[in-house]
Amino acid sequence: AKALGRNTYSFFTKEMNIVIQRRLAIEAQLRGALDRHELELYYQPQFEIRKNSIIGAEALLRWNHPTLGNIPPDEFIPIAEHSGLIVPIGQYVIEQALRFLSKWQLSDQKSYTMAVNLSPRQLRDTELLNLIKNTLADVNISFGSLELEITEGVLMNGQSYINEALIEINALGIKLSMDDFGTGYSSLSYLRQYPFDILKIDRSFINGITLNKSDCDLVKATIAMSHSLGLTVVAEGVETKEQLTLLSDLGCDFVQGYYFSKPIPAKQLLDFSAALL
Ligand code: C2E
Ligand code: CA
Ligand code: CA
Ligand code: CA
């Protein structure tokens, strides 16, 4: 039993070591990633379902490291959040995304929107709202063109500074979006408590809508409820024509997903959207 115990222990630590080593390597490399210009924003266009036209885009961060390769945001964002690096990285994201939005709006002469993801730590940063206000003024973009996406994780601990930040965001006319709706436990009560404008139905529900009735019923009910609360509904992860048709029948407002376009670099989005004008 002793030998087995020891084996189990050493196996466990070996596995743990690999995970911890990778995490440490990512954190160490992430510290210099901004300065080395390894972080780049990609943009995924969002479409108005009925008119089939682009209404805006979501900014999604990409990290291409010279030796580690492409590290997915699902892996490095939590590390950035934990280490506090998300604050400077998030500032970079906001500045880049709004600068691009300004260029895009001018180029197409359309009042496109830009959705930016925020993690919990960023809302604790007292400089965040100043940076947003200054950048919007700098690039001459109206407050209503910016959407901030948060998940219910941001709201979970109910800190008062979060509430205050969300109230100020709302008062400025910046749009507030609930991301990954349906994946948490308390999304519904948060919708009532905080000034949301937009609800994004999580990809995991959109996946199943044409396959099983319960997913379809859930999405249908979510859209109806959102509209009765005055919220705009975005379906994320739309991959097929069948999903799109069904979402249109269910009265969904906006869609984004691989069916239309993956997240793409700025230059590519400019070409893509100009071709649809
Ligand atoms: P998210 O905000 O839920 O973003 C949607 C994710 O779904 C993106 O993954 C997007 O590329 C992917 N996606 C979009 N359409 C489809 C589709 O039709 N099919 C499939 N299978 N996937 C689709 P991505 O870019 O890997 O980002 C993952 C997550 O990382 C994001 O989830 C967000 O939570 C986080 N993230 C990305 N960029 C940022 C950022 O700048 N700041 C913060 N705080 N988080 C970010
Ligand atoms: Ca998002
Ligand atoms: Ca999402
Ligand atoms: Ca997500």
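This dialogue goes through the two calcium sites of a predicted model.

Student: Which protein atoms are donors of the calcium ion (ligand 2)?

Tutor: For a calcium ion, donors are N, O and S atoms within 3.2 Å, and because water is not among the atoms, a site may look incomplete. Here the protein donors are Glu58 (OE), Asn117 (OD1), Glu149 (OE) and Asp179 (OD), at 2.1 to 2.3 Å from the calcium ion (ligand 2).

Student: How are these donors of the calcium ion (ligand 2) spaced along the chain?

Tutor: The pattern is E-x58-N-x31-E-x29-D. Glutamate 58 belongs to strand S2 (residues 53-65) and glutamate 149 to strand S5 (residues 146-150), so this pair ties together parts 91 residues apart in sequence.

Student: Is glutamate 58 buried or exposed?

Tutor: Buried means under 20% relative accessible area. Glutamate 58, at 5% relative accessibility, therefore counts as buried. Glutamate 149 is also buried, with a relative accessible area of 1%.

Student: What are the protein donors of the calcium ion (ligand 3)?

Tutor: Asp179 (OD), Asp180 (OD) and Glu236 (OE), with Glu236 (OE) listed twice, lie 2.2 to 2.5 Å from the calcium ion (ligand 3). Their residues follow the spacing D-D-x55-E in sequence.

Student: Which residue bridges the calcium ion (ligand 3) and the calcium ion (ligand 2)?

Tutor: Aspartate 179 coordinates both ions, which are 3.9 Å apart.

Student: Are aspartate 179 and aspartate 180 buried or exposed?

Tutor: Aspartate 179 has 8% relative accessibility and counts as buried, whereas aspartate 180, at 27%, counts as partly exposed.

How values were computed. Residues are numbered from 1 along each chain as its sequence is written. Chains are lettered from A and ligands numbered from 1 in the order in which they are written. This is a predicted model: local features need pLDDT of at least 70, side-chain atom pairs count only at pLDDT 80 or more; totals for chains, interfaces and linings use all residues. Side-chain values use heavy atoms; hydrogens and water are left out. Donors are N, O and S atoms within 2.8 Å of the metal (3.2 Å for Na, K and Ca); water is not among the atoms, so sites may look incomplete. Helices (H or I, at least four residues) and strands (E, at least two) are DSSP runs, numbered from the N terminus. Buried means under 20% relative accessible area, exposed over 50%, partly exposed in between (1.4 Å probe, protein chains only).
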